[in-house]
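Trainee: I've got the structure open and a few things I'd like to talk through. Can we take them one at a time?

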Amino acid sequence: MSSSTPKPSLYTAYSGSALLETPLLNKGNAFIAEERQAFNLTGLLPPRYETIEEQVERAYMQYKSFDEAINKHIYLRAIQDNNETLFYRLLQQHLEEMIPIIYTPTVGDACEQFSDIYRSARGLFVSYQDRHQLDDVLRNATKRKVKVIVVTDGERVLGLGDQGIGGMGISIGKLSLYTACGGISPAYTLPVMLDVGTNNQELLNDPMYMGLRHKRIEGEEYDEFVDLFLQAVKRRWPEAIIQFEDFAQPNAMPLLNRYREKYCCFNDDIQGTAAVSVGTLLAACRSKDVKLSAQKIAFVGAGSAGCGIAEQVISQMVAEGISESQARKQVFMIDRFGLLTDTTPGLRDFQQVLVQRSDDIANWSFSGEFPNLLDVMHCAKPGILIGVSGQAGLFTEQVIRAMKKGCDTPIVFPLSNPSKQVEATPEQVIEWTDGDVIIATGSPFAPVTYNNKQYPIAQCNNSYIFPGIGLGVLAVKARLISDEMLRAASKTLAGASPLANTGKGGLLPPFTELAELSKTIAFNVAKVAQQQGLALDVDDEVLKQRIEANFWRPEYRQYKRISA
Ligand SMILES: O=C([O-])CC(=O)C(=O)O
Ligand SMILES: [Mg+2]
């Protein structure tokens, strides 16, 4: 459907205050006279009719009256819970300004303060104590048809650790982007919080805390609970995409491996972050006219996110023509004990395949038990440095200056979220490299001016990837989400880089272009799914139409009343 075609009427049995209290249907003062008559709304609203543009103007004026980001967030969430169409129209018109408010970094504060700022319910709280009645819980969801679920257990929210029930904030924020940037109708999205308790003592002691007040359920009981939940989802909405979000390292990878062939699911922190990072790295390399496979690359943070990116980087290097063992030699994983080597004790499976062999670093000079970040800079001389540590300040001046000495125009991505967890600010990195650097962060940063030159800061965030994946998967009803589909998303993103394409502008396109980019990603992801036999086989024209048809726009529809 093109944007000029009016939407068909919507038939509903809701009326009176129940209609006004249903955020997916509420239009506030935009109900026209006939509708006010037909739906028993006369007298329930101020008399003047208003267009959505007028409503947006008022809402924006009120939004502007708040100084603090968290208060803006609370205000926008209130609109979302009152009138979703208005919320998304407002967002569409002020996307660059409001994404940092509904998403990272402010969503981090909203998760930390979830119980304190709580106003009204959204999504599903699936708590461990209800594990024997999960079918009932899912039936209670007001949405009949759900196509995208973002589920978290709140154990590792952004770089903020265990936020317990506050994790709901991140599920809500991600789904707002699915709609704003991926065109998934809000009628089909469901944020889910799996409440298994929290190990955050501060929350357990907080009288306001709204989650289960006990330590996290772990081990077999935890696995069984997640499994019961996924089975219940499969029964209720067999075709829904399930996005795992912000699970802690010990659970993230095992859950993904257990379910990725069984359900249409993916882990955003492992696969989404990897896809956006590889896409952004390809763009950075292309703008320097070098190959990714010719680079040495250091990661600070060897958890599931860092290792997920590293594996995708290795696949990409192999696709460019080098051997896998050579690619692995070019990747240096560093965690709090230093470089991961074949003598590092206690590594997880996914880390063991990313170690450096002692033989290969035999001629390095370092003083500790394992080489630290600075040693790696001196001895390996990587051209790319990626931070996924969740630790502020790890990229020190000494580290960045040492890196600069060892390579031309370093590529530096301090990706930890939200902004306060960043490994180094863009301003610092630009100063320490004398402005000769390609930089991208995970959370948004304002452009930096250095020596009279302006540096736009690309936001290498999974939000470039997941809305398009969702749109593509839904368009062809893909059965699962393969690595090849993710790689198609990375490639599409890299291809859209203004800097790589023209030598000017940002490394990544602005968020205002995300809706169009998501459609292209959707198309390319869907094509790969078809080629792999994972999806409906429709021709390209039909595929494009399906993507357009699935793309929801925040416009009011006319309502016609039917009897309950
Ligand atoms: O939410 C974000 O901005 C990116 C992300 O998934 C994370 O940091 O966990
Ligand atoms: Mg995340």
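**Around the ligand**

Mentor: Sure, and let's begin with the shell around ligand 1, whose residues split into 1 nonpolar, 5 polar and 3 charged. Keep in mind that this is a predicted model.

Trainee: Which residues surround ligand 1?

Mentor: Going along the chain, you meet Thr104, Leu158 and Asp246, then Asp268 and Asp269. After those, the list ends with Asn417, Gly442, Asn461 and Asn462.

Trainee: And which domains does ligand 1 lie between?

Mentor: Start from the chain's division into domain 1 (51–263), domain 2 (277–463) and domain 3 (481–550). Two of these give residues to the shell, so ligand 1 sits between them: domain 1 and domain 2.

**The annotated positions**

Trainee: Where does UniProt place the feature "active site"?

Mentor: The entry is unreviewed, and it puts that feature at Tyr103 and Lys174. They span 72 residues in sequence, yet their C-alpha atoms are no more than 7.2 Å apart, so they gather at one spot.

Trainee: Is tyrosine 103 buried or exposed?

Mentor: Tyrosine 103 lies in the loop between α6 (95–102) and α7 (106–112). Leaving out residues up to four places away in sequence, tyrosine 103 touches Gly173, Leu177 and Ser463. The cut-off for burial is 20 or more other C-beta atoms within 10 Å. Tyrosine 103 has 27 such neighbours inside 10 Å, so the verdict is buried.

Trainee: What does lysine 174 touch, not counting residues up to four places away in sequence?

Mentor: Lysine 174 is in helix α10 (residues 168–182). With 26 other C-beta atoms within 10 Å, lysine 174 is buried. Its contacts, with that sequence limit applied, are Val150, Gln243 and Glu245.

**A helix and a domain contact**

Trainee: How many residues of helix α21 are buried?

Mentor: Helix α21 covers residues 466–476, and it is largely enclosed by the rest of the structure. Its buried residues include Phe466, Leu471 and Val476. The full tally is 11 of the 11.

Trainee: What is phi like at the lysine that follows α21?

Mentor: That residue is lysine 477. Its phi is positive, near 50°.

Trainee: Last one: which element gives the largest share of the side of domain 1 that touches domain 3?

Mentor: The C-alpha centres of domain 1 and domain 3 lie 25 Å apart. Their contact takes 6 residues from domain 1 and 7 residues from domain 3. On the domain 1 side, the elements giving two or more residues are α6 and α10. The largest share, 3 residues, comes from α6.

Notes
Residues are numbered from 1 along each chain as its sequence is written. Chains are lettered from A and ligands numbered from 1 in the order in which they are written. This is a predicted model: local features need pLDDT of at least 70, side-chain atom pairs count only at pLDDT 80 or more; totals for chains, interfaces and linings use all residues. A residue is near a molecule or strand if its C-beta atom, placed from the backbone, lies within 6 Å of it. Ala, Val, Leu, Ile, Met, Phe, Trp, Tyr, Cys and Pro count as nonpolar, Asp, Glu, Lys and Arg as charged, and the others, Gly among them, as polar. Domain bounds come from an automatic or database domain assignment. A residue is buried if 20 or more other C-beta atoms lie within 10 Å of its own, exposed if 12 or fewer, and partly exposed in between; C-beta atoms are placed from the backbone. Helices (H or I, at least four residues) and strands (E, at least two) are DSSP runs, numbered from the N terminus. UniProt positions are given in the numbering used here, feature names are shortened, and annotations may be inferred rather than shown by experiment. Two residues are in contact if their C-beta atoms, placed from the backbone, lie within 7 Å.
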